[in-house]
Amino acid sequence: MVKSRLLLSLAILLSITVSGLTQTSAASADEVKWSRVDIPTEGNAGNWLLAGGSDVQHLTLSASGTLYAYVEGLDYTLYQSTDGGYSWSYIGDVQDSIVDIAISPQDEKTIYYATAANVFRSTDGGKEFGQLGVNPGGAGGGNIEITGIAVTYISSNIVAIATRDTDNSEFGGVYLLDEEPVITSWVDSNIGSYDVYALSFSPLYAADQQLVAVVTDETDTSVRFKVGFAAWGATFGDAGLDRDNSGAPTPVVAGNSAAIAFPDNYEGTSPDATLFIAIDTGTGYGDVYKIATAEAPESSSATDLDAGSAYNMSNIDITGLAAAGADDTTYLMAGAASSARVCFSENNGNDWAKSREEPTGGSKTCVLMNADFHSNYLTYAATSGSDSAFSLSEDGGTVWNQTGLIDNYITDITSFAPSPDYNEDTTLFMLTFGANYCFWRSTDDGQKWERLYSSSLADVDAIDLIELSPRYGNGSQVIFLAGNSNGQPVLWKSVDNGQRYAKYPTADPDSSASLPIHALNAVDDATLFIGSYVSGNAYVYRTTDGGYTYGSGAIVGSQTINSMALSPAFNQYGTVLIGNSDGWVYLSNHNGERFEPLPADATSSPLSGSVSVAFDPDFTSNHFVYAASNTADKGVYRFKVGSSDEWERIDTTLPGGGTLNQIMVTSSGVLYASNTQADGGMERCLNPTYSLGPTFQTVTRGLSDGAKLSRLWYHDDHLWSVDTDETRLLTFYDSLPSPATPVSPADNEGGIGTLNNHSVIDVLLDWEAESGATGYEWQLDFDTDFSSVPTDFEGTTKASSVRLPSLDPATKYYWRVRVKEPVLSPWSSKWSFHTCLGTDLATIGLASPEAGKMGVPVKPLFQWSAVSGAVTYELLAASDTQFVNLVVNRTGDFSLPATAWQGNLDLNYGTTYYWKVRATNSDTKSAWSAVGSFTTELPQSSLVQPSTPPTIVVPIPTPSPATPSVPMTPPQPSPPLPSSPAPVQGTPDWVIYLIGALFLVIILLIVTVLVLALGPRRS
């Protein structure tokens, strides 16, 4: 049994050793390497966020919220979005020029689009389209073309098209097709001699069977109604348009297009039902009209609503129109035909307002309202022309952001800013340049982007810088942008996450000169520093009201400012650091009110080129600042304010020709610098304050060939940069800025290893596997210096443990570990251990009790041989070979000063016990001795004298005297045993049996007495 247990223990130990040696930590795909962040791109791969050269028209919304659009200018023309317009894809490989799109209200997989000549239908969600009939109403010939399409459902889909004839005095019509018959054909509805520019089925067509059309006879425009099988105009009278409600009436001709919109509660069976139409005349005399139905032969009425009044215009051509709400509280939205202007009214068109930030584009502004508009105020717009796009508004049309099909491209990423609360909100901001300057926001780490601001807007010339308030994300959504508007430098401030902006021209308070902004740093939601250049000098200005006013500027040299940094604990110390474009560094300890060069006595620029600067995170205590030059081979410099006389070059391993354009030091003290040289990568230093010379690494892992990193931004251990070679936004997650963590041997642990032929073996160093690490470096030394590590006492491994070579016995060693690959981590703390004493297992001889001895007294005398160098000895005795059930535990503070000991507590009789001993001193311990065993004596026999009543005699054993063979110390009480109870004197089995027999005899006697006593009474 003992042998089998030993073999099992060895097997378990071997399995643990093997697993420890093979354990590795694979680097995550997103850790300790550069990886791409998705940015707005063209094509299906980019979900058509960008679509250069495109125009977006005929925006259509299905009942479930799927969006469809015709996109002119691309290879394919019919597009679909199922996520509210953030991503688009073309469907059906359609390449036709589309004039309108419609979706079946009964089955969303049935999609229709019309060209000028034909109608096409898909019944499989747009995978394939087939022609529906041939040339309805003669479209495609004789100058007849389709202008619109509408679909409704009763027992089958009913499709209607509108046509016009482009010849003078020639007209189109309205044609219907019912899909229920086996043989279908287009039927003329006989609307009369009109060109038809819009038609729509009533929202409750199944109940009122009303069809509405906007028609023109080339002189006037009117609205006509058809109910069921009745003729046009038979149920409700026509509504003729009267421009500006003149009463004359003044003719209005729909020369380009028209649109129809119904309130939510529209009922076509009711007189005085209200609907709305919009007219694009092509001459600027269109508008939005309110139509109130009247029973024939009375005429229905049309009221000019003057939507252009929002722009101080009496008339405005309108392409798009949408409505939501009841008759008396209808919310209307109208999109201009010749611009991207949007007007909206919250009271039936009585009063109009304009968007504060319009959609981008040049013309044909189509608008839609989300089905849940009254709860979310979500609206959509599509535009044509330069910088056209699909836009959305979450505030009912006040502010529009672009989320897809944007007619733009990106050639440069000019600025970037992660949210100060990035770990929680994953929000990123980015400035790009291409056809325009564009300001973008992503709230999901770059998976989806929306454009918040653009230089295609009327009053935006350029956007150069982004700055977020340090409080952003913590109850604040303050964003600052710097750029130019109408030829003047300005600062824009947004307090609602980039939706609305207040614009402040920047001007010197003394001279009123305009201040171009070259550097921008925010202290809080209202306090900012800007760096500017005016009349041959660089200045730093401070504003405490968000850019509305500025204090007097402080001169900072005669060259433009390249970078500006605020010190840690700025609100307490007010320290500002400036690097300019000509090798100078300036420092202000006076909240930016005055600056001095570093060093203060410099008469020429101490560095060269454009200088980037940074504070050490512990600047308030160590006074270190850093600088990097974009001049080739100049590297990174360090300066201790108040102590240094000159800048100290600390990066001695910069790749040849390296040019550093951005330096930063994180809150954890790691210094990074971006290298704009091709394949230069990023410089990384864990110990920039190290007095004997910091260690730098060049990090290129994950970068493509030829990559050129420009600028750096960071949040905690996340970094971002721009690869200017391929216009890519890159990110780097540094999971290894902290020291590795040792696990075992525990710090200052003794008795480590196994002695074999006077050497210690089987010592295993173990540490925690670090996330992202692929290789480690370890060191072992006799002291804490580690300056001259002995041969074989250091190495590398891919595992998180290593088996050491043979060591000296009874010796103290120090060890440490760090991550080696893919980048260095700091060294772990220095731990120590003591190897076991220089004695083999057999050296400690167990003298008494002798191995296997029987009849040992219950108070045994333990004796063993002495070990050279030992100060004390530890003794364990137990009733099991695993030493779980301890009966003697003289270890630690209770160890024994001599080689013999006898306790004052009796062991159990007739029981086998196991014991072992090891030697200790102040530094270490020997291995345990071999295990000895012995069996205690049986108790002395005692006879029970027969008598009545019987008397039980329990013998009390007396241990035989023992004479120690060596001088003994006085007996000492055993210490308490927390892991097992103290031994208790047991009762022999024969005593238990005897007591049981006596109880049985007593019971029988009682029963006999009761029988004899009760017998006479029964008789």
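**Group meeting talk: strands, cores and cysteines**

Six bridges connect strand S31 with strand S32 (residues 437–442), and the two run antiparallel. Hi everyone, I thought we would start right there and work outwards. One thing to keep in mind as we go: this is a predicted model.

So, how are S31 and S32 joined? By a hairpin, through two residues. If you want a pair to click on, take Met430, whose bridge partner in S32 is Trp440.

Now look at the other neighbour. Strand S30 (residues 410–418) also pairs with S31 in the antiparallel sense, over seven bridges. There, Ser415 stands opposite Leu431 of S31. That gives S31 pairing with S30 and with S32.

Is S31 enclosed or open? Of its seven residues, 428–434, six are buried, so the strand is largely enclosed by the rest of the structure. A general reminder while we are on strands: in a regular one, side chains alternate between the two faces of the sheet.

Let's zoom out for a moment. The protein chain has 74 strands and seven helices. Of its 1019 residues, 51% are buried. For those of you who like contact maps, take the contacts with a separation of 6 or more: 53% of them are between residues 24 or more positions apart. The accessible surface is about 44,100 Å², and carbon and sulfur atoms hold 49% of that.

Next, the nonpolar cores. The largest one has 41 residues, and those with the most contacts inside it are Trp34, Met682, Leu780, Leu804, Leu807 and Phe833. Several strands give two or more residues to this core, among them S54 (709–715), S62 (775–781) and S66 (831–835). Which strand gives the largest share? That is S65, with five residues.

Leu804 is a nice one to display with its surroundings. Leaving out residues up to four places away in sequence, Leu804 touches Val763, Leu765, Trp778, Leu780 and Phe833. There is also a second, separate core of 23 residues, including Tyr197, Leu275, Ile279 and Ala302.

Last topic, the cysteines. How many disulfides does a search of the whole structure find? Zero. Two cysteines to look at are Cys343, which is buried with a relative accessible area of 2%, and Cys685, also buried, at 0%.

That's my tour. Thanks for listening, and do have the viewer open while we chat!

Note on methods
Residues numbered from 1 in each chain as written. Predicted model: local features only at pLDDT ≥ 70, side-chain atom pairs only at ≥ 80, totals over all residues. Heavy atoms only, no water. Buried < 20%, exposed > 50% of the residue type's maximum accessible area, 1.4 Å probe, protein only. Helix = DSSP H or I, 4+ residues; strand = E, 2+ residues; numbered from the N terminus. Pairing = 2+ DSSP bridges. Disulfide = S-S within 2.5 Å. Core = buried A, V, L, I, M, F, W, Y, C linked by side-chain atoms within 4.5 Å. Contact = heavy atoms within 4.5 Å. Areas by Shrake-Rupley, 256 points an atom, 1.4 Å probe, with all protein chains shown as cover.
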